[in-house]
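Q: Hi! Could you walk me through this model while I have it open?

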Number of protein chains: 2
Amino acid sequence: MSASAGSAATPAPLLTDALVIGAGPIGLWQAFQLGLLGLSCHIVDALPQAGGQCTALYPDKPIYDIPGLPVCTGAELIERLLTQVAPLAPQFHLGLEIDTLRVRDDGGFEVHASPVHGAGLASVHWHARSVFIAAGVGAFQPRRLKLPGAEALEGRQLHHHASEAPSLRHQHAVVLGGDDRALAWAIDLAQGIAAGRADAPASVTLLHRRDVYTAEPTRIEQLTALVQAGAMQCRVGQPAALQQDASGRLTGLVITNVEGQPDTLVAEALCVSLGLSPRLGPVSDWGLALDRKLLQVDTARFETSIAGVYAVGDIVSYPGKKKLIVSGFHEATLAAHAALDRLWPETPHPLQYTSSSALLQQRLCRPERDGR
Amino acid sequence: MSASAGSAATPAPLLTDALVIGAGPIGLWQAFQLGLLGLSCHIVDALPQAGGQCTALYPDKPIYDIPGLPVCTGAELIERLLTQVAPLAPQFHLGLEIDTLRVRDDGGFEVHASPVHGAGLASVHWHARSVFIAAGVGAFQPRRLKLPGAEALEGRQLHHHASEAPSLRHQHAVVLGGDDRALAWAIDLAQGIAAGRADAPASVTLLHRRDVYTAEPTRIEQLTALVQAGAMQCRVGQPAALQQDASGRLTGLVITNVEGQPDTLVAEALCVSLGLSPRLGPVSDWGLALDRKLLQVDTARFETSIAGVYAVGDIVSYPGKKKLIVSGFHEATLAAHAALDRLWPETPHPLQYTSSSALLQQRLCRPERDGR
């Protein structure tokens, strides 16, 4: 592999046999299969943690159709897959989104990723010998508040993550959302008021489009207690417009209340927690054959229309495809074998079994017969 | 469905949406997916217990590449799959081998199975609306002793299962084999001698082709102790010929010893435990398209050359096929969906998820949200 293409302005590229895009269950299994076959592997995901939808959307929901696991939650499945892949030591790059993918003259790929939230992370640049797209329905990003002027306030008076928000000391805060994450954020701020903390906001309002929250019962109890203690209020309505002063500073949020009438909330800080929304993103710009926003692959190699770029899981389309985790596991397995054959075409690769191959057991850091 | 084809001599046929041939890991998962989709299901296997190779050949060997199970033994995997399929209540028929499969005029199948060992079980006859072949490398059967005259002694002086063997009281017994099962059989007989039991054989000889046994260390210790106590002997060699008297009664076993010389063991009972050997068997007579003894299937429906007969797991061939359990799980999943579409072509079957579908959760006997 050549490492000559790095420009002076960017750091030296990372070299890897395989770059996996997406750290959901299928991306993790892709990394496991690649590692088992002896290929070095990096994994990138836009979310700040591994797990994809399983962790971000339904960590507590039971899943019943993973073979051999009569019941497990999304979070438990990811924990199990992380344990399984750990001995193969893939390198994780979280909170990054791929922006460019370019075919190199040597048949490999130049790939570049930028941080999703701009918070402290550096861009990363790879020379990857093969690429595996396991991006599910796309890169998950916080759902934006779609109001004129909102974008300009981002990072100043509009925040998408509690961890990124600066102190809201003495400010009138409005939290938008009705799920566990939104409630946790509002509760955390209101607890500051209730405890008389110095960095507490001046007020906290939770705004949701209806008066039912999709959150843990204990969370809702906490919320109710804080409202009764006068530490926060809850409002039902839809955000309609931003109210700003002459200098552009946010002063209020106009909402449409349940009666369909406009109403105004004092607002100096907007804490937006409207859930995550997938974005196919730059994958659609790489020149890969698409069929209704899905990547077309063959069922022998799970290769896209670009040789050396494989795609697996919910993002792919082929005759008979079902968007099930059990299918993604199979697709990733065959894609890993296909990549091995492409990267070392001269070597035969007879199928080996983890139950009998000393080589595979060594890669898994399992001394032979340790399970007896 | 019509039930008119049963002849007077045979019992009424069993009616089922799906008949799964093979109760290994893929057959069990096939039954799970069928049950999840609301199809009734019967499973047949030649072995006396579920699990296929996992149970019969490597129950204690660790497997590392089942997604979400960083390590599990063959026996554990089967136990997990049995637990998972239990709420869907497929009907098991063990110790039976399919001998005929015939397409019916109504598009279903007439299937007939006979007991493998002739021991007490009755034949079974189905009218199945669809058939799933998950037979792995074939039906497992005890490996036979291939010597002239051996077959004629079966059931009288030659036995393949301890459970089938009559009392060997006062007889000179030779146990053939070197695995756990063979040793357990020899030990059991020799313990009778050591304890002076009335039904004990006159002598016990363990014959194996080499002086190393593939058995649990504790088993080998027991064997050594019994040899030292004079309750049995071990010999190394290959069986070469049977010695019979004028009436055809077995009196001895001629062996070729380690020096390549003939030698004779007194033998009135042969206990043959030479392991299991797969036999593709009648599957090859059903007119299904074969490619080097493998069933050819498409990768969208995993259907064989006969509509309504699906095949999954190690017995199938398609471009890219790898004989891995993880692939069989996917194949069985798509085959179940294909059968549903074929059996109810007029009804749309949108994909449902076990994590969110009340219907699927009801079929699994899981009240909604019980995993929280």
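A: Sure, let's begin with a pair of strands: strand E11 (residues 172-176) of chain A runs parallel to E16(A), and four bridges join the two. Strands here are DSSP runs of E with at least two residues, helices are runs of H or I with at least four, and both are numbered from the N terminus. Two strands count as paired if DSSP finds at least two bridges between them.

Q: Before we go on, what am I looking at, and how are things counted?
A: This is a predicted model, where local features need pLDDT of at least 70 and side-chain atom pairs count only at pLDDT 80 or more, while totals for chains, interfaces and linings use all residues. Residues are numbered from 1 along each chain as its sequence is written, chains are lettered from A and ligands numbered from 1 in the order in which they are written, and side-chain values use heavy atoms, with hydrogens and water left out.

Q: Cool. Which residue in E16(A) is the bridge partner of A:Val174?
A: That's A:Leu270. A:Leu270 is also the bridge partner of A:Leu158, which fits with strand E10 (residues 158-159) of chain A being joined to E16(A) by two bridges, again parallel.

Q: And the faces of E16(A), covered or open?
A: Both are covered: in strand E16 (residues 269-272) of chain A, A:Ala269 and A:Cys271 on one side and A:Leu270 and A:Val272 on the other are all buried. Buried means under 20% relative accessible area, exposed means over 50%, and partly exposed is in between, with a 1.4 Å probe and protein chains only.

Q: Over to chain B. What's the strand order in the seven-stranded sheet?
A: It's an open sheet with mixed pairing, ordered E10-E16-E11-E12-E13-E14-E15. Strand E10 (158-159) and strand E15 (262-266) of chain B are its edge strands, each pairing on one side only. Further in, strand E11 (residues 172-176) and strand E12 (residues 203-208) of chain B pair in the parallel sense over five bridges, with B:His172 opposite B:Ser203.

Q: There's a three-stranded one too. Why is one side of E18 and E21 left without a neighbour?
A: That open sheet in chain B has the order E18-E19-E21, with mixed pairing. Strand E18 (290-291) and strand E21 (316-317) stand at its edges with a single partner strand each, so one side of each has no neighbour in the sheet. Strand E19 (residues 294-296) runs parallel to E21(B) and is joined to it by two bridges; there, B:Leu295 has B:Val316 as its bridge partner.

Q: New topic: aromatics. How many pairs are there?
A: Eight over all chains. Rings of Phe, Tyr and Trp (its six-membered ring) pair if their centres lie within 6.5 Å; planes under 30 degrees apart are stacked, over 60 edge-to-face, and the rest tilted. A:Trp29 and A:Phe32 are stacked, because their ring centres are 4.6 Å apart and their planes are at 15°. These two are three residues apart in helix H1 (residues 25-36) of chain A, or about one helical turn. A:Trp29 is buried at 1% relative accessibility, and A:Phe32 is buried with 1% as well.

Q: What about B:Trp29 and B:Phe329?
A: That pair is edge-to-face, 5.7 Å centre to centre with 65° between the planes. B:Trp29 lies in helix H1 (residues 25-36) and B:Phe329 in helix H7 (residues 325-343) of chain B, so the pair ties together parts that are 300 residues apart in sequence. B:Trp29 is buried at 0% relative accessibility, and B:Phe329 at 1%. Back in chain A, ring pairs link A:Trp29, A:Phe32 and A:Phe329 into a cluster.

Q: Last one: how do the two chains relate?
A: Chain B superposes on chain A by a rotation of 180° with 0.1 Å of shift along the axis, at an RMSD of 0.2 Å. The fit is by least squares on C-alpha atoms of residues with pLDDT of at least 70 in both copies. That is the relation of a two-fold axis. In chain B, the C-alpha of B:His330 is the nearest to the axis, at 3.1 Å.
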